[in-house]
Amino acid sequence: MVKRFFSKKSKAEQVADTVKEKAAEVAQQSINWAAPHVEEIQKKVEKQVIPAVKSKVEDVKEVLADASVTAKDSIHEATKHADKAAKKGLEKAKKHGAQLSNKAEKLTKKEIVKVEKKKSHKGLVFLLLLLVTAAAGVVFWKRSQPVDDPWAEEYWEDIDLDDIEAKVDDVEEAVTDKAEDAKEAAKDTVDKVKDAVK
């Protein structure tokens with residue numbers, strides 16, 4: 001019975017084989033039908049589309065070249081107009097500046113006349129000059145005072161090394177005493193804390 005099961009093709013295998021054969025036939029028919037159509041489309045693309053695209057590309061190149069020339073001409077004209085406008089603006093600015101300068105000069109003269117009519121501050125100017133003169137006198141007096149040259153005398157000869165050694169010993173003893181006092185105070189504080197914790 002086992003031999004019989006493996007020796008015969010099952011129905012599923014038979015159906016699969018049939019489907020394969022039908023699919024191969026349909027695929028071949030599709031290829032046979034599509035091949036002439038693809039060739040026809042390829043010929044149309046080569047004869048019609050590519051020349052049309054090339055023609056349009058040439059038209060675009062010509063339009064861009066014309067636009068470039070037109071843009072250069074426009075820039076040149078705009079530069080000329082800008083130069084003319086700048087010169088006119090400069091001349092107007094000079095005229096207006098001259099007018100403003102004249103007005104400012106007239107107003108300044110009027111203000112000077114007004115200031116001259118006002119009360120004079122001669123006393124204030126005199127006091128200021130007096131203070132400046134006094135300050136200059138103090139500066140000159142300070143500079144004329146003799147200055148001790150620290151290199152002129154040998155100060156180190158006046159120093160007594162025994163005194164310095166004694167002072168160093170005193171300082172050392174004081175530091176040692178203070179360190180011992182601090183050590184004892186720390187011990188006392190530690191003992192107090194230990195007693196408080198117990």
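Helix 3 covers residues 122-144 of this predicted model. Its 23 residues, at 1.5 Å a residue, should span 33 Å. The C-alpha atoms at its two ends are 33 Å apart, so the expected and computed spans agree. Helix 3 is also hardly covered. Among its 23 residues, the count of buried ones is 0.

The chain as a whole holds 4 helices and 0 strands. Read from the N terminus, its elements follow the order α-α-α-α. Buried residues account for 0% of the 198 residues in the chain. The exposed area of the chain is about 19,400 Å². Carbon and sulfur atoms contribute 63% of that area.

Two surface patches were examined in turn. A nonpolar patch is formed by Ile41, Val45, Val49, Ile50, Val53 and Val57. Together these residues have about 470 Å² of accessible area. One of them, Ile50, is located in helix 2. Ile50 has a relative accessible area of 37%. This value is not under 20%, the limit for buried, and not over 50%, the limit for exposed. Ile50 is therefore partly exposed.

The other patch carries positive charge. Lys84, Lys88, Lys92 and Lys95 gather there on the surface. Lys92 belongs to helix 2, which comprises residues 11-117. The relative accessible area of Lys92 is 61%. Because exposed means over 50%, Lys92 counts as exposed.

Terms used
Residues are numbered from 1 along each chain as its sequence is written. This is a predicted model: local features need pLDDT of at least 70, side-chain atom pairs count only at pLDDT 80 or more; totals for chains, interfaces and linings use all residues. Side-chain values use heavy atoms; hydrogens and water are left out. Patches are made of residues with over 30% relative accessible area and no salt bridge: like charges are joined within 9 Å, nonpolar side chains (Val, Leu, Ile, Met, Phe, Trp, Tyr) within 5 Å. Accessible areas come from the Shrake-Rupley method with a 1.4 Å probe; for residues, only the protein chains shown count as cover. A salt bridge is a side-chain nitrogen of Lys or Arg within 4 Å of a carboxyl oxygen of Asp or Glu. Lys and Arg count as positive and Asp and Glu as negative; His and the chain ends are not counted. The place of a charge is taken as NZ of Lys, CZ of Arg, CG of Asp or CD of Glu. Buried means under 20% relative accessible area, exposed over 50%, partly exposed in between (1.4 Å probe, protein chains only). The expected span of a helix is 1.5 Å times one less than its number of residues.
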